[in-house]
Amino acid sequence: EINKNEEINKNEEINKNEEINKNEEINKNEEIKKEFLQEKEIFQKEKTEFLEMIKKEKEIITIDKIGLKKEQDLLSKELEKFQREKDEFSREKSLLLKEKDEILKEKTFLAKEKYLF
């Protein structure tokens, strides 16, 4: 009877220890799961912030592209204007050179006539 009681006590102790170990393992796993979920939450938050930052950068780049396009269009118009002014100046210069040439011819002619008389 004593041996039987000892055996029962021993088995109860083993069962109790197994239950304690099982509960410790469950608690440990729960703690690991909790840490994992916290890390996952932090990662999701960082991911969301990063994606938001990328979205803002893309918006800035788009705005910059639009600004550069407008600036490029404006510079193209100014270049066209300057090219027209340059062409007009060249025409005027050509006309003035022709007038100068005519005046020199007339001056030369008058000088010859004066010399002859």
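**Salt bridges and exposure along helix α1**

Mentor: The structure holds 2 salt bridges. This is a predicted model, where local features need pLDDT of at least 70, side-chain atom pairs count only at pLDDT 80 or more, and totals for chains, interfaces and linings use all residues. Residues are numbered from 1 along each chain as its sequence is written, and side-chain values use heavy atoms, with hydrogens and water left out.

Trainee: What makes the contact of Asp73 with Lys69 a salt bridge?

Mentor: The term asks for a side-chain nitrogen of Lys or Arg within 4 Å of a carboxyl oxygen of Asp or Glu. The closest N and O atoms of Asp73 and Lys69 are 3.2 Å apart, so the pair fits that definition.

Trainee: Why are Asp73 and Lys69 said to be separated by about one helical turn?

Mentor: Because they are 4 residues apart in helix α1. A helix here is a DSSP run (H or I, at least four residues), numbered from the N terminus.

Trainee: Which side chains meet in the salt bridge with 3.8 Å from N to O?

Mentor: Those of Asp101 and Lys105. They too lie in helix α1, 4 residues apart.

Trainee: Why is Asp73 called partly exposed?

Mentor: Partly exposed lies between buried (under 20% relative accessible area) and exposed (over 50%), with a 1.4 Å probe and protein chains only. Asp73 has 32%, so the label fits. Lys69 at 46% is partly exposed, and Asp101 is as well, at 38%.

Trainee: How do you know whether Lys4 is buried or exposed?

Mentor: Its relative accessibility is 57%, so Lys4 counts as exposed. Lys4 sits in helix α1, which covers residues 2-116.

How values were computed: Helix = DSSP H or I, 4+ residues; strand = E, 2+ residues; numbered from the N terminus.
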